[in-house]
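Dear colleague,

Please find below the structure that I am handing over to you. I should be grateful if you would read the notes beneath it with the coordinates open.

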Amino acid sequence: MEDNEKEPAIITVEGEVSLESNEISEDFSEGGPIEDEVPKIEQETEEEMIKIRNLEKDYSEELKFKKHQEALELKAVANTFFKSGDYQAACNSYTQALKTCPLCFKPDISILYANRATAKLKLHYTYRESAIEDCTRAISLNPIYVKPRLRRAACYMAAEDGSSYENASEDLRLVLQMEPLNREAISMYKELQEKITERDKKMEEVMGQLKQLGNMILRPFGMSTDNFRLNRDPVTNSYSVSMVQNPNEQE
């Protein structure tokens, strides 16, 4: 292996795939490897999964066990693909495992979603939103499973406009509540705080420039930007503008 070639992510003893958080921001930030076509992957549909879950209702315990073993074998194949760097094949095998594993084995399904999310992130940056969805599914099935929260936080941190930093902060906060000494979460949280500080600083600079321009435009009308208030929605992180009739009066 060449010195500048990255080591493939490792497979943990539990059958989970691991990915360093900084690999996501480097390889999958907006404006990533767009020179290549987006690799196509298999993805289950909602209608397909509803049909599968309905069929499972008639499964015997023996058949559920058999399907579970088949799913674990497919996961092992997917993990092998992942370790070799064939992330497209890994995604497809994880999908087949998800279609096979009965819903009663929720912890295993949660791992499959988390593993597929990691494979999607390694495959192409355009799958970041899909990876977030997989992480969310993994968390819903196993709320105390920290890996999908870390992966989802890394996805949110990779957004260059910083619009999802607060979402990342919430995921990392929950991870650190469950595992206060989690080194990856601590490192990511520190990096996130630096990103938030840089984003807010840039926002202040932009707003200062806009204020100067606005004052130039409004001055002939006897107004200034002080007549307007910028309101930030803490939920959506979007902004709205409201007018202030007497900006010098206290509310």
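The notes below concern a pair of helices, a further helix and a single residue.

Please bear in mind that this is a predicted model.

Helix 5 (residues 106-123) packs against helix 6 (residues 128-141) with the axes 8 Å apart and an angle of about 165° between them. Angles over 145 degrees count as roughly antiparallel, and helix 5 and helix 6 are therefore roughly antiparallel to each other. Their crossing is left-handed. On the side of helix 5, the contact is formed by K106, I109, S110, Y113, A114, R116, A117, K120 and L121; helix 6 contributes R128, S130, A131, D134, C135, R137, A138 and L141. By character, the residues of this contact comprise nine nonpolar, six charged and two polar.

Helix 7 (residues 146-157) has 12 residues, which at 1.5 Å a residue should span 16 Å; the C-alpha atoms at its ends are 16 Å apart, in agreement with that expectation. Of these 12 residues, 11 are buried, so helix 7 is largely enclosed by the rest of the structure. The buried residues are V146, P148, R149, L150, R151, R152, A153, A154, C155, Y156 and M157.

I139 belongs to helix 6. Its relative accessibility is 7%, and I139 therefore counts as buried. Leaving aside residues up to four places away in sequence, I139 touches P148, R149 and R152, and these three are among the buried residues of helix 7. The C-alpha atoms of I139 and Y113 are separated by 9.1 Å, with the two residues 26 apart along the chain.

With kind regards

Key:
Residues are numbered from 1 along each chain as its sequence is written. This is a predicted model: local features need pLDDT of at least 70, side-chain atom pairs count only at pLDDT 80 or more; totals for chains, interfaces and linings use all residues. Side-chain values use heavy atoms; hydrogens and water are left out. Axes are lines fitted to C-alpha atoms, for helices over the stretch in contact, and angles run from 0 to 180 degrees between N-to-C directions. Helices (H or I, at least four residues) and strands (E, at least two) are DSSP runs, numbered from the N terminus. Angles under 35 degrees count as roughly parallel, over 145 as roughly antiparallel, 65 to 115 as roughly perpendicular and the rest as oblique. A crossing is left-handed if the near helix is turned anticlockwise from the far one by less than a right angle, and right-handed if clockwise. Contact means heavy atoms within 4.5 Å. Ala, Val, Leu, Ile, Met, Phe, Trp, Tyr, Cys and Pro count as nonpolar, Asp, Glu, Lys and Arg as charged, and the others, Gly among them, as polar. The expected span of a helix is 1.5 Å times one less than its number of residues. Buried means under 20% relative accessible area, exposed over 50%, partly exposed in between (1.4 Å probe, protein chains only).
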